[in-house]
Amino acid sequence: MRSGLRIVIGTLLCAACSWAVAQIPGDFAPGGPDQCLECHDFGPDSPVHPVIAGSHGQAIMHPGSEQRGCEDCHGPSAEHAGAPIKASPAVSFGPRWTASPAAQDSRCLACHEENIAQHWQDSLHMLNNLTCVTCHDIHAEEDRVLFEKQQAEVCTICHKVQKQGIHGMQRRASRNPP
């Protein structure tokens, strides 16, 4: 039953993501993710590899899916594909170009607002112009925020004063880096 529910939820999220990406003005790259990979190397040492190998790479791993791969997060980027040095992707997360915090978060929230990020709009992080990618890294093999043993390590980068007791996690302080 659980796996069936996951499939239904996954299908609905894919449809919602495709709809949300379509709301960004611009044209999609004609070659889709394959065109992106012509310049952005795919390999074990590439920051693109963990994205494609994970759940965000469904369009590449499963051709014909409702997702568009890179453009699910970066938006329609035909202009960037045509002039990659001059034009940024529709939504860029840096370092060369950086979209506004609202534009960046809108990409993540297009798929995650109904579930894991349902309270993001009310959070102090959002109100202080931090973005989802300030803490989360989908270009990493493992997003440290998603693993309980590593969450405090990420949070205490900014929350230095709370390092010994953030969210009652003082019992885990010995696992935190010095």
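**A walk through an all-helix chain**

The chain folds into 10 helices and zero strands, where helices are DSSP runs of H or I with at least four residues, strands are E runs of at least two, and numbering starts at the N terminus. Read along the sequence, the pattern is simply α-α-α-α-α-α-α-α-α-α. Keep in mind that this is a predicted model: local features need pLDDT of at least 70, side-chain atom pairs count only at pLDDT 80 or more, and totals for chains, interfaces and linings use all residues. Residues are numbered from 1 along each chain as its sequence is written, and side-chain values use heavy atoms, with hydrogens and water left out.

Let's start with the overall picture. Of the 178 residues, 28% count as buried; here buried means under 20% relative accessible area, exposed means over 50%, and partly exposed is in between, using a 1.4 Å probe and protein chains only. The chain exposes about 11800 Å², with carbon and sulfur atoms supplying 58% of that area (Shrake-Rupley method, 1.4 Å probe; for residues, only the protein chains shown count as cover). Now take contacts, meaning heavy atoms within 4.5 Å. Among those between residues at least 6 apart in sequence, 43% join residues at least 24 apart. For one pair that is distant in sequence, look at A140 and P47: they sit 93 residues apart along the chain, yet their C-alpha atoms are separated by 6.8 Å. A140 belongs to the loop between α9 (132-135) and α10, and is partly exposed at 24% relative accessibility.

Next, the inside. In soluble globular proteins, nonpolar side chains tend to be buried together. Here the largest nonpolar core has five residues: L109, A117, W120, M126 and C132. Such a core is a set of buried Ala, Val, Leu, Ile, Met, Phe, Trp, Tyr and Cys residues joined through side-chain atoms within 4.5 Å. Leaving out residues up to four places away in sequence, W120 touches D105, L109, H125, M126, L130, T131 and C132. From the other side of one of those contacts, H125 lies in helix α8 (residues 124-127) and is in contact with W120, L130 and H159, neighbours within four places aside. H125 itself is partly exposed, at 33%.

What about the cysteines? With a disulfide defined as a pair of cysteine sulfur atoms within 2.5 Å, the count comes to zero. The sulfur of C36 is 3.8 Å from the closest cysteine sulfur, in C70, which is too far for a bond. C108 is in no disulfide either, its nearest cysteine sulfur being that of C132, 4.0 Å away.

On to charges. Side chains of opposite charge can pair when their charged atoms come close. A search of the whole structure finds one salt bridge, defined as a side-chain nitrogen of Lys or Arg within 4 Å of a carboxyl oxygen of Asp or Glu. The partners are R144 and E153, at 2.4 Å from N to O. R144 is partly exposed at 33%, and E153 is partly exposed at 25%. A little further along, T156 sits in the segment after α10 (148-155) and is buried at 7%; a polar atom of its side chain lies 2.6 Å from the backbone oxygen of A152.

Finally, two backbone details. Most residues other than glycine have a negative phi, and most peptide bonds are trans. The peptide bond from G94 to P95 is cis, with omega near 5 degrees, and P95 is in the loop between α6 (78-82) and α7 (101-112). N129 is not a glycine but has a positive phi of about 60 degrees; it lies in the loop between α8 and α9 and is exposed at 55%.

Note on methods. Polar contact = N/O pair within 3.5 Å; in protein donor to acceptor, adjacent residues only side chain to side chain.
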